[in-house]
Amino acid sequence: MGRGPYEKSGLLADTSLPPLRTITTDWEIFFPEEEVEVDGEYVIQYPSDTLDITVNLWYMPYGVEDESARLWREYSETVKFEAKGW
């Protein structure tokens with residue numbers, strides 16, 4: 001056939017969610033910061049001590065966002081940032 005073993009023995013990564021099992025994922029969300037000059041030195045300051053986070057989980061049947069994509073869940077939370085020792 002003219003095809004080598006590299007085309008016949010491919011490995012697939014399983015990226016589906018397992019049934020009846022809870023999956024957790026950690027995401028790093030950075031607070032916005034500003035670099036301000038105070039007394040001749042540059043200091044990093046935060047414009048606010050709260051951050052509004054909204055997470056949208058989409059169902060995309062073919063892996064692309066088209067007319068068949070549906071919003072499955074939406075989660076919103078306000079996170080308070082306490083800078084100690086900064």
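In the predicted model, strand E4 lies largely in the open, because none of its 11 residues is buried, the number that falls under the 20% limit of relative accessible area being 0. The strand spans residues 70-80, and its pairing with E3 is antiparallel, extending over 10 bridges. Within this pair of strands, Asn-56 has Glu-74 of E4 as its bridge partner. For the protein chain as a whole, which has 86 residues, 5% count as buried.

The chain contains 1 helix and 4 strands, and these elements follow one another along the sequence in the pattern α-β-β-β-β. Helix H1 covers residues 5-8 and strand E1 residues 34-38, with a loop between them that holds Leu-20. Strand E2 (41-45) comes after E1, and strand E3 occupies residues 50-59.

Strands E3 and E4 also supply a nonpolar patch on the surface, which has an area of about 580 Å² and is made by Val-55, Leu-57, Tyr-59, Trp-72 and Tyr-75. Both E3 and E4 are elements that give two or more residues to this patch, and the greatest contribution, 3 residues, is that of E3. Tyr-75, for its part, belongs to strand E4. In general, side chains in a regular strand alternate between the two faces of the sheet.

The largest pocket of the model has a volume of about 580 Å³. It is lined by 15 residues, of which Leu-17, Ile-23, Thr-25, Trp-27 and Leu-57 are the closest to the pocket centre. As with the nonpolar patch, to which E3 gives the most, the largest share of the pocket lining is provided by E3, in this case with 5 residues. Leu-57 is thus named both among the residues of the nonpolar patch and among those closest to the centre of the largest pocket.

The other antiparallel pair is formed by E1 and E2, which are joined over 5 bridges. In this pair, Glu-34 stands opposite Gln-45 of E2. The two strands form a hairpin with 2 residues between them, and the turn includes Asp-39, whose phi is positive at about 55 degrees. Asp-39 is exposed, because its relative accessible area of 78% is over the 50% limit.

A positive phi is also found at Leu-20, where the angle is near 60 degrees in a residue other than glycine. Such values stand out because most residues other than glycine have a negative phi. Leu-20 sits in the loop between H1 and E1, whereas Asp-39 sits in the loop between E1 and E2. Leu-20 is likewise classed as exposed, since its relative accessibility of 93% is over 50%.

Side chains of opposite charge can pair when their charged atoms come close. By the rule applied here, the model contains 1 salt bridge, in which the side chains of Lys-80 and Asp-49 meet at 2.6 Å from N to O. Because Lys-80 lies in strand E4 and Asp-49 in the loop between E2 and E3, the pair ties together parts that are 31 residues apart in sequence. The two partners fall into separate accessibility classes: Lys-80 counts as exposed because its relative accessible area is 53%, where the limit is 50%, while Asp-49 is partly exposed, because its value of 36% lies between the limits of 20% and 50%.

Conventions
Residues are numbered from 1 along each chain as its sequence is written. This is a predicted model: local features need pLDDT of at least 70, side-chain atom pairs count only at pLDDT 80 or more; totals for chains, interfaces and linings use all residues. Side-chain values use heavy atoms; hydrogens and water are left out. Buried means under 20% relative accessible area, exposed over 50%, partly exposed in between (1.4 Å probe, protein chains only). Two strands pair if DSSP finds at least two bridges between them. A salt bridge is a side-chain nitrogen of Lys or Arg within 4 Å of a carboxyl oxygen of Asp or Glu. Patches are made of residues with over 30% relative accessible area and no salt bridge: like charges are joined within 9 Å, nonpolar side chains (Val, Leu, Ile, Met, Phe, Trp, Tyr) within 5 Å. Accessible areas come from the Shrake-Rupley method with a 1.4 Å probe; for residues, only the protein chains shown count as cover. On a 1 Å grid over the protein atoms alone, a cavity is a set of points where a 1.4 Å probe fits but cannot get out, and a pocket is an open set with protein on both sides within 12 Å along at least five of seven lines; lining residues have an atom within 4 Å of a point. Grid points are joined across faces, edges and corners, and a volume is the space filled by probe spheres set on the points.
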